[in-house]
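Welcome! Please take a moment to look over the sequence and the model shown here, and then read on for a short guided tour.

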Amino acid sequence: MAIYRSRKVGKRNSNNETKYVQSKLQFGKKESKIVKCPKCEMTYTLGSIDDKNAHDKYHDLHLKGRKWSNRWGSLVRIPTLSNIAEITPPSSSRASVLTTGLPIGDKVVMIQPDNANEVKATLEILEIVNNELNAPHDENDFWSLPNESGRAFVYIKNDRAVGVITIETLEKERCRWMVYSSKSIVANIRPNFILGISRIWVCKTERCHGIASALLEAARNHTIYGKPVEKWEIAWSQPTESGGKLASKYNGVTHKSGKLLLPCYI
Ligand SMILES: CC(C)(COP(=O)(O)OP(=O)(O)OC[C@H]1O[C@@H](n2cnc3c(N)ncnc32)[C@H](O)[C@@H]1OP(=O)(O)O)[C@@H](O)C(=O)NCCC(=O)NCCS
Ligand SMILES: [Zn+2]
């Protein structure tokens with residue numbers, strides 16, 4: 001058993017009085033060490049079982065997505081995406097690619113608010129997303145409650161949810177154009193966008209494979225039943241750096257001044 005000796009630390013102040021700091025006796029306990037995981041960037045205490053369990057769960061979800069039951073979510077078709085298939089399918093399975101427009105085995109599902117299990121699983125993913133984005137954790141009612149007009153879509157790969165988007169419907173008062181290069185809002189112009197991207201996220205190991213683009217296309221085609229909206233009618237809320245790059249590729253619009261504008265909302 002390691003025993004750390006108690007000692008008083010004396011320091012003289014300007015009145016020449018000695019100030020004492022109370023030390024603590026510690027029996028059988030090593031000093032705890034705070035570490036930061038280089039892969040998921042979570043900070044935790046080495047040696048703490050609670051922290052280890054919390055880190056294991058966060059790490060797995062953050063890097064590889066959340067395990068997903070094939071009974072959860074209603075399958076959506078993405079007619080515009082047949083060209084993102086990266087895997088060349090054997091001829092017998094080509095029909096599957098053409099039906100969903102995604103690589104074989106991958107799918108996008110819409111979350112059904114009346115299915116408590118799929119809502120709960122999606123909320124777990126969004127907890128990670130909100131931590132990463134430093135975003136509020138209580139902005140879920142618009143997609144998770146029945147009879148609301150928002151939606152959540154999840155991208156499934158190898159039985160894991162590897163990406164998510166939550167979408168709300170917008171009132172005109174909230175819509176603005178943002179100049180991409182300066183991040184400034186264009187004054188005095190009130191565009192009319194229809195949908196707002198509340199959150200969009202892809203787990204770390206699956207980024208840069210077109211998954212966010214597929215989620216955007218699912219949202220564009222399936223948020224309002226029977227009415228696909230134009231790409232520029234989907235607005236961003238305070239885009240992050242990677243979100244801004246995605247936005248500039250997906251639905252930035254070049255103004256006659258030559259500046260790239262992003263549809264945004266406040
Ligand atoms: C932003 C994010 C969702 C993008 O997901 P993704 O699946 O990697 O995006 P895609 O592969 O569909 O990207 C489509 C295009 O957007 C651009 N793009 C997306 N992310 C980019 C990045 N980090 N750097 C540069 N360009 C990027 C590219 O032009 C890309 O097309 P290309 O690969 O053919 O060049 C993902 O990086 C993420 O989850 N980031 C953390 C959460 C976040 O910041 N969300 C945005 C909130 S506004
Ligand atoms: Zn980690």
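Two strands pair if DSSP finds at least two bridges between them. With that in mind, Val-35 has Tyr-44 of strand 6 as its bridge partner. Keep in mind, too, that this is a predicted model. The protein chain holds six helices and 17 strands, and 31% of its 266 residues count as buried.

**How confident is the prediction?**

- Across the protein chain the mean pLDDT is 85, and 81% of the residues reach 70 or more.
- Over residues 1–14 pLDDT stays under 50, and the model has 18 contacts beyond four places in sequence for this stretch.
- Residues 83–99 also have pLDDT under 50 throughout, with 20 contacts beyond four places in sequence.
- Where pLDDT is low, the predicted coordinates should not be read in detail.

**How the strands pair**

- Strand 5 (residues 33–36) and strand 6 (residues 43–46) are antiparallel and pair over four bridges.
- These two strands, strand 5 and strand 6, make a hairpin that has six residues between them.
- In the turn of that hairpin you can find Glu-41, whose phi is positive, at about 70°.
- Further along, strand 8 (residues 74–76) runs antiparallel to strand 9 (residues 107–110), and three bridges join them.
- Strand 9 is also joined to strand 10, by four bridges and again in the antiparallel sense.
- Met-110 is a good residue to follow by eye: Ser-74 stands opposite Met-110 of strand 9, and Met-110 in turn stands opposite Phe-153 in strand 10.

**Around ligand 1**

- How many residues surround ligand 1? There are 20, and the closest are Arg-207, Ala-212, Ser-213, Thr-240 and Gly-243.
- Helix 3 (116–133), strand 14 (195–202), helix 5 (211–222) and helix 6 (241–250) are the elements that give two or more residues to this shell.
- Which element gives the most to the shell around ligand 1? That is helix 6, with five residues.
- Sorted by class, the shell around ligand 1 has ten nonpolar, six polar and four charged residues.

**Loop residues worth a look**

- Most residues other than glycine have a negative phi.
- Asn-158 is not a glycine, yet its phi is positive, at about 50°.
- You will find Asn-158 in the loop between strand 10 (151–157) and strand 11 (160–169).
- Is Asn-158 buried or exposed? Asn-158 counts as exposed because it has 12 other C-beta atoms within 10 Å, and the cut-off for exposed is 12 or fewer.
- Cys-208 likewise has a positive phi, near 70°, in a residue other than glycine.
- Cys-208 sits in the loop between strand 14 and helix 5.
- With 8 other C-beta atoms within 10 Å, Cys-208 is therefore exposed.
- Lys-183 belongs to the loop between strand 12 (175–179) and strand 13 (184–185), and it is exposed because 12 other C-beta atoms lie within 10 Å.

**Links across the sequence**

- Lys-183 and Pro-239 are 56 residues apart in sequence, while their C-alpha atoms are 9.3 Å apart in space.
- For the protein chain, take the contacts between residues at least 6 apart in sequence: 61% of them join residues at least 24 apart.

Methods:
Residues are numbered from 1 along each chain as its sequence is written. Chains are lettered from A and ligands numbered from 1 in the order in which they are written. This is a predicted model: local features need pLDDT of at least 70, side-chain atom pairs count only at pLDDT 80 or more; totals for chains, interfaces and linings use all residues. A residue is near a molecule or strand if its C-beta atom, placed from the backbone, lies within 6 Å of it. Ala, Val, Leu, Ile, Met, Phe, Trp, Tyr, Cys and Pro count as nonpolar, Asp, Glu, Lys and Arg as charged, and the others, Gly among them, as polar. A residue is buried if 20 or more other C-beta atoms lie within 10 Å of its own, exposed if 12 or fewer, and partly exposed in between; C-beta atoms are placed from the backbone. pLDDT is the predictor's confidence in each residue, from 0 to 100. Two residues are in contact if their C-beta atoms, placed from the backbone, lie within 7 Å.
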